[in-house]
Amino acid sequence: MAAAPLAADAGAAPAGPCGTAAAGSDALRALCDNPHTPGSLPNQLVDVGGTMFFQAEDLTDGGGKLWKSDGTADGTVLVKDFHGGTYSYISDMTSVGDTLFFTRYDYDQGKELWKSDGTEAGTVLVKDIVPGDAGSYPRGLIEVGGTLFFTASDENGWELWRSDGTEAGTVLVKDTRPGRFSSYPSLLTDVQGTLYYTAQDGVHGQELWTSDGTEAGTVLVKDILPGRHESYPYSLTDVQGTLYFTAADGVHGRDVWSSDGTDAGTILVKDLAGSARPGALTDVGGTLFFRATDATTGRELWTSDGTEAGTFMVKDICRGQDSSRPGWLTDVGGSLFFTARDGVHGEELWTSDGTKAGTVLVKDITPGRDGDRPHSLTAVGETLYFSADDGVHGKELWTSDGTKTGTVLVKNITPDRVRDGGPYNLIKVGGTLFFTDDNGRLGYEVWKSDGTRAGTTMVNDINKGGWFLVGYKTPNTRTGTMKISVDVDATGRVTVAPVGDSQFKTAAASSAVGEPVWVTLAPTRAGLRQLKQTGRLPVRARFTFTPCDAPDRSYAHRYVLRMR
C-alpha cells in the first residue's frame, strides 16, 4: 500500500478538464461531455414554508451538511457545513412555521437540538440540554399549535420537552416519572392542536397521555389496561379532530380505539375478535381506513366511522384466507390509494371509496402474479406519484389519476439500464413533487417533477466529484518504475508530477466512470543514472485529480524507486 499522504489541499481554481488545457486529449473532452459523478445522497427532505431543506454531501470531507432549495439550480445552496474536521450528522428535521428544527450529533456536544432560518448565521444550537459530549438525544420532534414538542434525556431520564426556539424557552414539560427513571414518551401526535402520546409514570404502564405544554395540563387520558400492565397504544392517527389508535385492554386483544381526550370519551370502537392486529391507520377525507386480519378472510382493508356498526371490512380482495396485505395507504384528494395483491395479479396499485364495488385495481403495471410492489405513494394535490417497476424500465417515477389510462410512467430517468433503485424520499413542497434519484451517471441527487416528462428534471448536481485515494503500488525493479493505482469518484483526469527535484516523469490517466486508474512513476535520465549507481531513487510525488466540473484536489506521497 502507498504511504500515508504528507499533504492535502483543494485547488482554488475550478479547473475542469472539459474544453480546457487540463483536458490533455480529445478523448477526455469527449468523456466530459457525458460525465459520471458520485451523487450527494440527499436525505430527510422537509418542507419549511415552501422551501425544501435536506441533508447532503458534496465533494468536501464528511457528511452533516444542511442544504436548501427553491427548485432551481441557483437556488439550491449550502446553508451550513457542520463538519469542521469531526464527524457530524443531522436528523429529525421538522418544520415549525418558517423555522427548521433538527437534531445534530458531533463528538463535542453529543446529540442536541438545533434550528435554522435558512442562513448560516441563523443556523444555531438551541440549547445544550446536557452540557459536554454526552448529549440529550432529542427525538420525536413535532409541531403542535406552533410549538415544538420532543422527548429528550437528562438527569430526569427520558421525558417530554417543548421549545419556542430560544434557550430559555426550551424546557422540560413534566417529569412524569420522577427520579432517575424514565416515562419514555413516544408516538407524539398532533390532533388539531392537541398533543397526544404514550408514556408510563411508574404507577400505570405504557398508556395514552395528552399535554397542552404545561405541567398541570400533562395528564393520563385513560388507564386502558388498569394497573402497571400496559395497553401499548399504537398507530395514533388524527381523523378530523378525533384520535384513533390501537390498544390491548387485556380483555379484547388489540383493537381500534378512539378518544376525545377524556377518560369517558376514550372507547373501544369495535371488538374485531381474534388476532386482528389492526395497523396502518389512515385518515382519508375524514374516514378511517386500516388493515386488519380475521380468520376467514386474512389481512384485508377495513374502514370505520367511529361506531361499532360502521367498522367493517371493505372488501375481501384476495378471496378466502389468503391476505391481500394492503400497504402504503394514502389519501389523494379524498380518495384512498394503496397497494394489494388479489391472487391473480401481483402487488399492484388499488383505489377505494370505502365500498366493495368501489374498491378496484387501478392498473396491472407489471402483468402477471409476480408484480413488483409500488412504493412511496405521495399525493400532490389530487395527483398520486409513486415508484414502480413495469418489468421493462426498472423502478421509475409513475403518476396516477385513479384510472387505468391515467396511470403512466412519468419519465424513464435511467434509460440505459434496468435498476433495483428508483425514486426515493418523495415529498410535496408547495405544489411540486421533489424526490431523490440516480440517472445512472450522476448518482443520487434531488429531482423535481410536475408530472410531465419534460418537467421532470434534476434540480442540481451537488456532488460533482473530487474525492480520490492513492492505493496499491507495484514496483518493477528491472526497469526502476512503479505502477500505482488511484481510486477516483468521478469522470476526470489523474496527474502525478514530481515535487521539488524528484527525478521522475510527469504521468497522467483519465477515468471514464469513476473506476480505478493506474499511473506509472518512471525515472528521468538523471534518475535512471542514480538508480543504476545506487539501486534506489527516493522521490516525492504529487497526485492531482481534476473532475470535469469541480475543483481539483491533490495529495503528496513519498516513494522509493528501486533497481536491481
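Q: Why is Asp81 called partly exposed in this predicted model?
A: Its relative accessible area is 35%. Buried means under 20%, and exposed means over 50%. Asp81 falls in between, so the label is partly exposed.

Q: What makes Lys65 buried?
A: Lys65 has a relative accessible area of 0%. The cut-off for buried is under 20%. Lys65 therefore counts as buried.

Q: Why is the pair Asp81 and Lys65 called a salt bridge?
A: The closest N and O atoms of Asp81 and Lys65 are 4.0 Å apart. The rule asks for a Lys or Arg side-chain nitrogen within 4 Å of a carboxyl oxygen of Asp or Glu. The pair therefore qualifies. Asp81 sits in strand β5 (residues 77-81) and Lys65 in strand β4 (residues 65-69), 16 residues apart, so the pair links distant parts of the chain.

Q: What makes Asp92 and Lys111 a salt bridge?
A: Their closest N and O atoms are 3.7 Å apart. That is within 4 Å, so the pair counts. It joins strand β6 (residues 88-96), home of Asp92, to strand β8 (residues 110-116), home of Lys111. The two residues are 19 apart in sequence.

Q: Why is Asp92 partly exposed, and why is Lys111 buried?
A: Asp92 has 25% relative accessibility. This lies between the limits of 20% and 50%, so Asp92 is partly exposed. Lys111 stands at 17%. That is under 20%, so Lys111 is buried.

Q: How do you know that Asp263 forms a salt bridge with Lys222?
A: The closest N and O atoms are 3.0 Å apart. The limit is within 4 Å, so the contact passes. Asp263 lies in the loop between β20 (254-259) and β21 (267-270). Lys222 lies in strand β17 (residues 219-222). In sequence, 41 residues separate the two.

Q: Why does Lys222 count as buried, and why does Asp263 count as partly exposed?
A: Lys222 has a relative accessible area of 19%. That is under 20%, so Lys222 is buried. Asp263 reaches 45%. This is in between 20% and 50%, so Asp263 is partly exposed.

Q: How many salt bridges does a search of the whole structure find?
A: It finds 6. Arg341, Glu347 and Arg373 are linked in a network of salt bridges.

Q: Which residues gather in a patch of positive charge on the surface?
A: They are Lys473, Arg536, Arg562 and Arg564. Arg562 is in strand β44 (residues 553-562). Its relative accessible area is 43%. A patch residue needs over 30%, so Arg562 passes that test.

Q: Why is Thr544 called buried?
A: Its relative accessibility is 17%. Buried means under 20%, so Thr544 fits. Thr544 is part of strand β43 (residues 536-547). Its contacts beyond four places in sequence include Arg493, Val494 and Asp552.

Q: What makes Thr330 buried?
A: Thr330 has 11% relative accessibility. The limit is under 20%, so Thr330 is buried. The residue belongs to strand β26 (residues 327-332). Among the residues Thr330 touches are Leu336, Phe337 and Leu377.

Q: What percentage of the residues of the protein chain count as buried?
A: Of 564 residues, 52% do. The chain holds 2 helices and 44 strands.

Methods
Residues are numbered from 1 along each chain as its sequence is written. This is a predicted model: local features need pLDDT of at least 70, side-chain atom pairs count only at pLDDT 80 or more; totals for chains, interfaces and linings use all residues. Side-chain values use heavy atoms; hydrogens and water are left out. Patches are made of residues with over 30% relative accessible area and no salt bridge: like charges are joined within 9 Å, nonpolar side chains (Val, Leu, Ile, Met, Phe, Trp, Tyr) within 5 Å. Accessible areas come from the Shrake-Rupley method with a 1.4 Å probe; for residues, only the protein chains shown count as cover. Lys and Arg count as positive and Asp and Glu as negative; His and the chain ends are not counted. The place of a charge is taken as NZ of Lys, CZ of Arg, CG of Asp or CD of Glu. Helices (H or I, at least four residues) and strands (E, at least two) are DSSP runs, numbered from the N terminus. Buried means under 20% relative accessible area, exposed over 50%, partly exposed in between (1.4 Å probe, protein chains only). Contact means heavy atoms within 4.5 Å.
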